[in-house]
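Colleague: I've got a few "how do you know that" questions about this one. Can we go through them with the structure open?

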Amino acid sequence: MNITPINSSCNFGKTPIFHCTVKKAGSNEKEAATLYLMDKNNSQDVMDIKKSNLPVRLRLNFTDARRANSANFYCLQTDEGNEIVSAAQTTRHLNRHEGKYEGINTIIDEFGANDDFVDPLTPLLAHIVKTAQDKGDKFVLTAFRAEEAPSFKNASFSETKYENWAIPERRYTNLIDKAEKRAQIEYLI
């Protein structure tokens with residue numbers, strides 16, 4: 001009798017997206033890390049986020065069903081110790097106004113980065129941009145002011161006249177390539 005494992009067809013909890021390496025600040029020691037798409041309906045994922053040191057708004061949004069309804073939550077964690085390197089909440093919105101940002105765009109609503117790591121946001125931002133590229137989004141924008149996240153400039157984002165960050169489609173590939181090389185990203189899905 002041949003029994004197929006149940007875990008090959010079912011997915012419970014966070015979904016691994018890629019493996020990469022991250023560097024600790026100060027020592028430059030490399031650590032293995034995994035980027036996960038968190039499951040808002042999984043009690044273990046909810047507890048992990050609640051107990052984390054992520055910014056309060058990110059934690060509250062993840063645990064509030066109304067706020068988390070259409071959002072995706074990503075978390076880059078070290079493989080040993082499950083230390084959070086960076087995290088983000090994203091949504092997609094249709095901008096009906098005529099102009100530069102008209103159409104469907106990916107929005108980074110909230111983020112968190114651990115200063116104990118060198119360039120903790122780049123691998124996560126590369127995945128967000130890659131997902132936007134796959135969906136045909138012309139821009140990835142932030143819902144927060146540029147001054148709240150000056151490190152976005154290092155990841156090819158530009159400050160807009162609305163005082164937030166944006167990256168146009170034409171720069172997606174540069175960010176993705178930079179992150180894949182620097183963090184040695186190996187996609188799982």
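What follows is a chat about one residue and a few strand pairings in this predicted model.

Colleague: Why is Thr160 called buried?

Modeller: Its relative accessibility is 11%. Buried means under 20%, so Thr160 counts as buried.

Colleague: And where does Thr160 sit?

Modeller: In the loop between strand 8 (158-159) and strand 9 (164-168). Leaving out residues up to four places away in sequence, Thr160 touches Tyr101, Trp165 and Ala166.

Colleague: What makes the link from the side chain of Thr160 to the backbone nitrogen of Tyr162 a polar contact?

Modeller: The distance is 3.1 Å. The cut-off is within 3.5 Å for a pair of N or O atoms, one able to donate a hydrogen and the other to accept it, so this one goes down as a polar contact.

Colleague: On to the strands. How do you know that strand 1 and strand 2 pair?

Modeller: Pairing takes at least two bridges, and residues 15-24 and 30-37 have eight, in the antiparallel sense, so they pair. Lys23 stands opposite Lys30 there. The hairpin has five residues between the strands, and Gly26 takes a positive phi near 90°.

Colleague: What makes strand 10 a partner of strand 1?

Modeller: Two bridges join strand 1 to residues 186-187, running antiparallel. At least two are needed, so that counts as a pair. Phe18 stands opposite Tyr187.

Colleague: And how do you know that strand 6 pairs with strand 1?

Modeller: Again, two bridges join strand 1 to residues 117-118, antiparallel, so the cut-off of at least two is met. Here Lys24 stands opposite Phe117.

How values were computed. Residues numbered from 1 in each chain as written. Predicted model: local features only at pLDDT ≥ 70, side-chain atom pairs only at ≥ 80, totals over all residues. Heavy atoms only, no water. Helix = DSSP H or I, 4+ residues; strand = E, 2+ residues; numbered from the N terminus. Buried < 20%, exposed > 50% of the residue type's maximum accessible area, 1.4 Å probe, protein only. Contact = heavy atoms within 4.5 Å.
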